[in-house]
Protein chains: 2
Amino acid sequence: MPQSNKKSMTLTTAEENYLKAIYHLSEGGKKGVSTNDVAAEMKTKPASVSDMLRKLGEKEVIEYRKYYGVHITDEGKKLALQTIRKHRLWEVFLVEKLNFAWDEVHEVAEELEHIQSPLLIQRLDAYLNYPKFDPHGDPIPDEFGDVRARPRVALNEMEVDQTGQIVAVKDSSAAFLRHLDKMGAYIGARIKVLDKVEFDGSLEILVDQKKTLFMSKDVAGNILVQQS
Amino acid sequence: MPQSNKKSMTLTTAEENYLKAIYHLSEGGKKGVSTNDVAAEMKTKPASVSDMLRKLGEKEVIEYRKYYGVHITDEGKKLALQTIRKHRLWEVFLVEKLNFAWDEVHEVAEELEHIQSPLLIQRLDAYLNYPKFDPHGDPIPDEFGDVRARPRVALNEMEVDQTGQIVAVKDSSAAFLRHLDKMGAYIGARIKVLDKVEFDGSLEILVDQKKTLFMSKDVAGNILVQQS
DNA sequence: TTTCGAATTTAGTCTTATCTAAAAATAAAT
DNA sequence: ATTTATTTTTAGATAAGACTAAATTCGAAA
């Protein structure tokens, strides 16, 4: 007997985490997500995943056909985006108000995102001045799950004299974020491509109309820019 | 085999809640706390409590003698005070930064207090400017569990011309807090007793050197003031 | 189309935290 | 000093979420 999701569907913390993982794995590819994929993402065993998929299927936040992986439903997508919204708002709070570094916020936000209080999130959003992007540059969905997805381009694909703002990194590992920091760049920085070296594809970048820096093609390829 | 609490003792969320309840029930009275008391406080059944007491006893955060109730240990008290510290810091945050009302914060703080991150609490404390009292006027323990317990007196017991700061209310029901608010008083307000009416014991109070208000003896008896 | 290997599910166990019902211990009263 | 009433504990169940080991299913290769 499927859960008639009349109004609100309540998920446990574990269910929220699985759904979020499934949502992330679904992004881009239109195809279903396999049990093994989810197990890897969640760092659990496939057997545990099978169990959870059955439960999420009953709650109709995913479509689950045994042996054929899962598709997230519209309802599921909405719930996943709500969790992601909470996660990213908390990240903004931690960085902007509590002076956490980019690479310190994930674990804590992972806990904070499960606090159940619509009012809290509403107020937090207002307090942070309705941010549209988190400290890694990922967009923050609104309360209906809508994302203001702005076009992005990898920095190494930009032409000389083009300008924009760094909004995200592809590989957001702590190591890379620290490297970025050391170079003098950061999420949110306004940049301009001053030169592209033909020899090795490296770039000369002007940051915040002040500092110039050089970066390899590989590093630049890992940086996403919203052009302006 | 008792848990050798060498360094850090980690408690689950449920264990933290039980320990906090036991700590609160222990306050004042030097005597032990009964299984039934804990069950009432936690809104669970005595059978569930027995089980939990055994576990908390093994972790040496309480002293548990079957059929004779529990005493909290020094280690347990320290842990309980850490949870209380987190709870009250979050309450300050909710009221001062997110504009929650006094009577809206408890439930949410009850969830937030279980977030595990010493750094988070450290930063939050600094961000809030190291508050010593929560929005209800209850003291916030420091990171070692020490409480700056300042002497308090009921407002109706103060003499004419004495001054102080409202730091707590005895009955912190939503109704009373709203009544206080409507009168123009609040936790943290600096007050001075202008007059005491002999006829009915009611008081005339100066709030923040601006507003005068009158309150009955009963209302004043419910307000705690730190004299200055 | 049969077989083989990888992926997936099922079955059974464990832990935490709860419950109900029944047993046992304490405390109080005759 | 017994009996009775209350409190507390034990025993056995349940539900969530995880695991291991065993069984099943799928799909690709021969």
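## Phosphate contacts of DNA strand D

In this predicted model, a polar side-chain atom of Ser48(A) sits 2.5 Å from a phosphate oxygen of DNA strand D. Chain B also reaches the phosphates of this strand: an N or O atom in the side chain of Lys66(B) is 2.5 Å from a phosphate oxygen, and one in the side chain of Thr35(B) is 2.9 Å from a phosphate oxygen.

## The surface near DNA strand D

There are 20 residues around DNA strand D, and those that come nearest are Thr12(A), Ser48(A), Ser50(B), Tyr64(B) and Lys66(B). Of the strand's atoms that come within 4 Å of the protein, 79% are accounted for by sugar and phosphate.

Four helices each supply at least two residues of this surface: H1 (13–26) and H3 (46–58) of chain A, and H2 (35–42) and H3 (46–58) of chain B. H3(A) gives the most, with 4 residues. By type, the surface has 10 nonpolar, 7 polar and 3 charged residues.

## Phosphate contacts of DNA strand C

A polar side-chain atom of Ser50(A) lies 2.6 Å from a phosphate oxygen of DNA strand C. For Tyr67(A), a polar backbone atom is 2.9 Å from a phosphate oxygen of this strand. From chain B, the side chain of Ser48(B) places an N or O atom 2.6 Å from a phosphate oxygen.

## The surface near DNA strand C

DNA strand C is surrounded by 21 residues, the closest being Ser50(A), Tyr64(A), Lys66(A), Thr12(B) and Ser48(B). Sugar or phosphate makes up 80% of the strand's atoms within 4 Å of the protein, and bases make up the rest.

H2 (35–42) and H3 of chain A, with H1 (13–26) and H3 of chain B, each supply at least two residues here. The largest share, 5 residues, comes from H3(B). The surface comprises 10 nonpolar, 7 polar and 4 charged residues.

Methods
Residues numbered from 1 in each chain as written. Chains lettered and ligands numbered in written order. Predicted model: local features only at pLDDT ≥ 70, side-chain atom pairs only at ≥ 80, totals over all residues. Heavy atoms only, no water. Near = heavy atom within 4 Å. Polar contact = N/O pair within 3.5 Å; in protein donor to acceptor, adjacent residues only side chain to side chain. Nonpolar A, V, L, I, M, F, W, Y, C, P; charged D, E, K, R; others polar.
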